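Reader: Please take a close look at a single part of this model. I would like one connected account, starting from one strand and working outwards.

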Amino acid sequence: MKKIKKVDISLFFTFVHVCQAQADYAPYFFDNGPNSKNGNMALFSIPEDTAIGTQLYILNGTDPEGDPVTFGIAFEPGFKDYFKVDSQTGIVTLIEELDREKQDEVEALISISDGLNKVVEKVRILVTDANDERPEFGNMSFNVNVPEDTPSGRSIFQTQAVDRDNGSGGSVTYYLQNSHNTTFAIDRHNGVLCIKTGEALDYEKSRMHFVTVVAKDGGGKFKGKYQVLSSSATVTINVVDVQDTPPSFVGLPYYGYVYEDTLSGSEVFTVVANDGDLGNPNAIHYSIVSGSDDSFIINNTSGSIMVLDYPIHLKKVLYELKIQASEVSPEGDVVAHAFSIVTIRVVDLNNHPPTFYGENGPQNKFELTMYEHPPEGEILRGLKITVNDSDQLLAVEIDTPEKFSSTADIVIHLLDTNDNIPWFSIDYYIARIPENSPGGSNVVSVTATDPDSGLWGEVKYSIYGSGSDLFLIHPSTGNIYTQPWTTLDTELKSKYNFYVKAEDTEGKYSLAEVFVTVLDMNDHSPEFNENILEKTMIIGAPVKIKAIDDDAEEPNNVVEYSIMQSDPDNIFDINIDTGEIKLKSYIKSMDIVQNITKQKDCKWSVVVQAKDRGSPSFSTTAVVKIDITEATQLKGPMAAFLFQSRDNPMKALGVLAGVICVMVLLTVLISTAMFMRNKTNNRIMPARHIIKKRPKDYRSRTVRTGWLIFKCSNSPSEKFVAEDPEQNRENLNCNKNMQPTAPLPCAPALPPPALYLPKQNKQEWSVPTVSGSVASKSKRQSRENNSPNVSAALMSELKMKLQRKMMESNTSHY
């Protein structure tokens, strides 16, 4: 057997470099349409109530050369990472909660890579609506002033609630609570509040009305369930008084007396009238309509009646003056008037003292029982009084040497009526209660008084409103407590407000508002994410830890940091406010660190305490394991590997030796395959070897080593047959992209003379699909190296060298 000579190793390395420089096309995504969940996420949409962790989509694509592809997804800086993707399977999963009302479209950058080329596409994922928003009023309460003469059916106010959902979930309809017991109605479509047909306002009967308006949406699905959401607001309607009530006289009936010794111009009697419109009263002017016989006059502003002549000259003993009280507007117009009679009796001189008589004879005391607020002009029934010489209650003798008089006491027992409503001492109450108060704790005491007597003066208290669920009130004392099961938590809700109602036995009532503030207590400790934290510190740069305190207010949720213990001691400083840990200023290199520790392992443990500023204060500790290193300029996976192997150089040398062995083995396999093929076909001989010029449309291909799997055969022509191990391989990416069967290898093309250096930290290509272009610096360099500008002499020398090696190989074989 002839001796086989060794092939020059440098020649095959040159060949390998030539193969690597051949063209490699970028991978691409499949576009499967808007209703597909497999492809490039084109026109893809997702409901906003999708649960976190849901698998949404499968990115799918292929590589023209059949290389395996990996997938990625990224987001623009400053935007949330809503999705993640499995780089191998392309499965896209939701990792962040969606909210269409905040962001109805998510932009993402999806990528596909074959290891050398990377294609990036920008996609827009539409976020569809779910019924998760309530209709919201602009305010929780409204105040409206309405004149009392507003006709029925007239619109007085428009409420408006906005629902940020779309479709039926965003439509709003309105209705009133207890609509049958109110004077008002509402348009269910536009929220316009009006006075019911046939109803009217009356300031003198009720000066204030409370109406609760409820807005509800059209309903829709949320997380698979159909739901209808609503909210409410309170409209307080203040009735404004208008001039629709005439004036009324006070203190009827009117009786006056003129004695014979009364001087001319003296005041006899004074009448008083008030405007019936108490909210905005007009001025009252008085005048005598008839009955004075020019003997009396009246002051038109004060209502004082005066006699114009001496009583001895008066022609009658009894005068009945008809008095008119007129309302005068600010413009001076008379808008309303009322009349009353004033009876004035002229008292004669008498030399006998008068005597009062009742049913049983003379008496000087008379008693009567009657209800308060009698109507004008009511006769005192049951009071029978007579005097021996006149029908007066007071008889006085004037023109006598001695003046005689008699008096009688009239005692009127007034019976109470329910003419008052309970009134609170103040319009609103402010209360504060600590959040750790147990159920049944006292909150505040309200007080309302009713001047009426008996049962009409008894007051019953009750509370209502959206904020009253956690509270109860004693119906008699007005003390407000928390419900026995109530648990207050400032972190959940710190403000409550509701109405308290004071009502008498006939249903007359008044309202006051209660505001309750839940005071924050220091009931949470600062918490780290984990009890043991691992950090890598680069010398000169700090590492940061953070603890969260769930209390609601300062200083209970303000956290201070401190180092409790470290090994070795006095090495680290910590910022009390930010939690940044850094080395002492004198530690500037790894040499100093190793001198301190006396060992190469630079992992130190620090016990850090996080303490809040509440009273009493709470704290928690965590162990921070800090791995100290120096900054490095290297980047990428190789830099990370070398950095991890800095303490074990033999590991790095072993990996390098393994890479060299693999390259040598590949070179031997390729050269052996080429040699055996040439020997079998017997077509490449030293005398008749022809080098043909490549056609212009020749497309170079990257030589792959996957087909170098040999099988034995009895046929000389099939002694060495190349098989493709990937021929029957399943498509791992489920993209229906089956790689065609690789053809049998042809004789290798002559290598170009360009020299290549090994690639170091070569970055992948980024191919934006907007322009549809694929650019690669390495490909441009390859084309430049294959240009006809290469030296012809160098090309010829390489060709001759390759022919000589192949001829020697064939000769030695034969």
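Author:
**Strand β29 and its surroundings**

Strand β29 covers residues 318-328 and is mostly covered: eight of its eleven residues are buried. Keep in mind that the model is predicted.

Take the pairing next. Strand β26, residues 283-290, pairs with β29. The sense is antiparallel, and the pairing runs over seven bridges. Ala283 marks one position in this pairing: Val328 in β29 stands opposite.

β29 also pairs with strand β30, residues 334-347. Here too the sense is antiparallel, now over eleven bridges. Within this pairing, Glu327 has Ala336 of β30 opposite. β29 and β30 form a hairpin, with five residues between the two strands. One residue in the turn is Gly332. Its phi is positive, about 95°.

Now the setting. The protein chain holds six helices and 54 strands. Of its 814 residues, 35% count as buried. Among contacts with a separation of 6 or more, 66% link residues that are 24 or more positions apart. The chain exposes about 49,600 Å². Carbon and sulfur atoms supply 52% of that area.

Another part of the chain offers parallel pairing. An open sheet of four strands has the order β47-β53-β52-β49, with mixed pairing. Its edge strands are β47, residues 532-538, and β49, residues 559-567. Each of these pairs on one side only. On average, neighbouring strands of this sheet are turned by 30° against each other, direction ignored. β47 and strand β53, residues 619-629, run parallel and are joined by seven bridges. Ile538 has Thr629 in β53 opposite.

Last, the surface. Met208, Phe210, Tyr464 and Tyr509 form a nonpolar patch there. Together, these four residues have about 360 Å² of accessible area. Phe210 is found in strand β18, residues 208-217. How does Phe210 count, with a relative accessible area of 31%? Phe210 counts as partly exposed, because 31% lies between the 20% limit for buried and the 50% limit for exposed.

Back to the starting point. β29 has pairing with β26 and with β30, and eight of its eleven residues are buried.

Terms used:
Residues numbered from 1 in each chain as written. Predicted model: local features only at pLDDT ≥ 70, side-chain atom pairs only at ≥ 80, totals over all residues. Heavy atoms only, no water. Pairing = 2+ DSSP bridges. Axes fitted to C-alpha atoms, helices over the stretch in contact; angles between N-to-C directions. Patch = residues over 30% accessible without salt bridge, like charges linked within 9 Å, V, L, I, M, F, W, Y side chains within 5 Å. Areas by Shrake-Rupley, 256 points an atom, 1.4 Å probe, with all protein chains shown as cover. Salt bridge = Lys/Arg side-chain N within 4 Å of Asp/Glu carboxyl O. Buried < 20%, exposed > 50% of the residue type's maximum accessible area, 1.4 Å probe, protein only. Contact = heavy atoms within 4.5 Å.
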